Amino acid sequence: MMPRGYLLALVAAVLCFDASAGDFNYGDAVDLSFLYLEAQRSGKLPADRRVKWRGDSGLKDGLAQGVNLVGGYYDAGDNVKFGLPMAFVTTILSWGAIDFKKEITDLNNMDKALKAIKWGTDYLIKAHPERNVLWAQVGDGASDHFCWQRPEDMSTPRTAYKLDESHPGSDLAGETAAALAAASIAFKSYNSSYSDLLLLFTFADTFRGLYDDSIPCAADFYSSSGYWDELLWAAAWLFRATGDEYYLKYTVDKAVSFGGTGWAMKEFSWDNKYAGVQVLLTNVLLEGRAAAYGSTLKQYQAKADYFACACLQKNDGFNINKTPGGLMYVREWNNMQYASAAAFLMAVYSVYLSDANAKLTCPDGVFEPKELLNFAQSQADYILGKNPNSISYLIGYGSKFPQKLHHRGSSIASIFTDPSPIGCVQGFDFWYHRPQGNPNVLHGALVGGPDKNDRFDDDRSEYEQTEPTLTACAPLLGLFSKLQSSVNGYRIPGSRGNPPPVKPEKESPNANAPVPVGAPVEFIHTITSTWMVSKESYYRHQVKIKNTSGKPISDLKLRLENLSGPIWGLSPTQQKGIYELPPWLRLLQPGSECVFIYIQEGPQAKVTVSSYH
């Protein structure tokens, strides 16, 4: 873990950037991203779920209010279902499935993509049970954040909050209409009727207001800066889904008053959709479907170009901010969500320009569509390890990634390995503050990432940097799929069907070194407890380590093979499968003993000595 005050020499930063195109297998990164979405599911999980440490949760959501709100996604490291980011995520997932359909299909991932979208849309449809009513949120962020519990153990109130004519939320209703419209294109024969989408848009447009004015408890977590962009965003998606000129005319008539042709943006996010609107409507122009609206659509294009030029640092000085290592930097909390969203949008825009044989005109020059994709790749590569810290910020990718995520479910032993309920405060006492890495690896999670100087602190309490979010992950599915096609030439990952998390990765030569002759310690295995969960047997293993060498030993590192459950008493190293003693036990005196514990189903793990001094 790099200390906060550590300053990395610029020369070292340059040396870290020796990777070239094709060094990253974006297809494997896509596989991981799907797993993260599956880990964030709320509700009744399918029997064939791949994230085995997650169980059913939130099965009574909406019951007290007389509505079925079971399902959907948890937004980040907590157990609240926030409607605005969830709807945005559904829109972005659908957009990727539409514009990168061939790339996703060629990776045999379209079924997973549609399932991820449907998990969101099924919930959003439930949340709109009648005209001019939209259930916006389940759970209260304040009370939820006072507890540290697995979603399966939630004891906090599951209050549901709704929007209606007296409590409007044009931003959330507009985003939900956009999500369902985009999903209808992704599914083609999607089974929700267009009338539902139109009713939502009419509700958003007729009863105007900010959703967090109607639901104040949402403001501290996902505060909305306005709803004009969501209304334009919804209309643009409805035009694309239905072909109804009414919605295109709406974006033209409201272009000035709603800021669509006025705001020049350097951000695209769950709260700010202007750049997305501008790119969508530019494509209408590029496809030759502008008709009588060409003049206004060219103004939208000018703003889309502003965003793209700012990302390329070719905007006459009005560019995005970047860290010294090259990462787009917007805000302190979860900055990666802005980088991934911008990279996705640039990849989409590069396709639109390329299909139209068009180029990007910036104040500092004219650029081929490939340059936009190059920017998108630079952000993706930074995420996967091409950065000053040489760390992957996508959990499970490569051999070095954050271990102490700010994530309740990941940081607490699975309910299937430790079925005892975890209390509200107990979670903080026994799990949040523990120095070890999380017992459940949250494969595919994209953490918040480093600060503006590329410094990263792998600490559970540093939520700005170590908390993953749906909004950061969703753009990656389309982005990585596009890059796998464009950079690696549709090279199908060898782990297709068996994602990297469940397949041992290649280890370094040092990790494969034989156990030293005359190993200095003895291992004594004991099974101290066993129980059944869903007809599967789980065992609590205690391993006693005894120094039998007759001399003090230090820096003892152990190799654990076939470990599938949580572990206590050892700390993971950056080397896969290699663990070390806690800091206070780095020196093991002759004849002294220490103990570590792990829980898993099936055979015991194999424990051997990797190295020592």
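**Exercise 1. Locate Thr 296 and state whether Thr 296 is buried or exposed.**

Solution. Thr 296 lies in helix α13, residues 294–311. Helices (H or I, at least four residues) and strands (E, at least two) are DSSP runs, numbered from the N terminus. This is a predicted model, in which local features need pLDDT of at least 70, side-chain atom pairs count only at pLDDT 80 or more, and totals for chains, interfaces and linings use all residues. Residues are numbered from 1 along each chain as its sequence is written, and side-chain values use heavy atoms, with hydrogens and water left out.

Next, take the accessibility. Buried means under 20% relative accessible area, exposed over 50%, and partly exposed in between (1.4 Å probe, protein chains only). Thr 296 has 17% relative accessibility, so Thr 296 counts as buried.

Last, list the contacts (heavy atoms within 4.5 Å). Leaving out residues up to four places away in sequence, Thr 296 touches Val 252, Ala 255 and Thr 261.

**Exercise 2. Do the same for His 406, and find what its side chain reaches.**

Solution. His 406 sits in the loop between α15 (369–384) and α16 (408–411). Its relative accessibility is 10%, so His 406 counts as buried. Among the residues that His 406 touches, not counting those up to four places away in sequence, are Trp 148, Arg 460 and Glu 467. The side chain of His 406 reaches the backbone oxygen of Arg 460 at 2.8 Å. UniProt, in an unreviewed entry, lists His 406 for "active site"; such annotations may be inferred rather than shown by experiment, feature names are shortened, and positions are given in the numbering used here.

**Exercise 3. Check the span of helix α5 and name elements that its buried residues pack against.**

Solution. Helix α5 covers residues 110–126, which is 17 residues. The expected span is 1.5 Å times one less than the number of residues. The helix should therefore span 24 Å, and its end C-alpha atoms are 24 Å apart, which agrees. The buried residues of α5 include Met 110, Trp 119 and Leu 124. The buried residues of α5 pack against elements including α2 (26–39), β2 (134–138) and α7 (170–187).

**Exercise 4. Give the strand order of the open sheet of four strands and name its edge strands.**

Solution. The order is β11-β12-β9-β15, with antiparallel pairing. The edge strands, β11 and β15 (606–611), each pair on one side only. Two strands pair if DSSP finds at least two bridges between them. Strand β9 (residues 557–561) is joined to β15 by five bridges. Arg 559 has Thr 608 in β15 as its bridge partner.

Notes. Polar contact = N/O pair within 3.5 Å; in protein donor to acceptor, adjacent residues only side chain to side chain.
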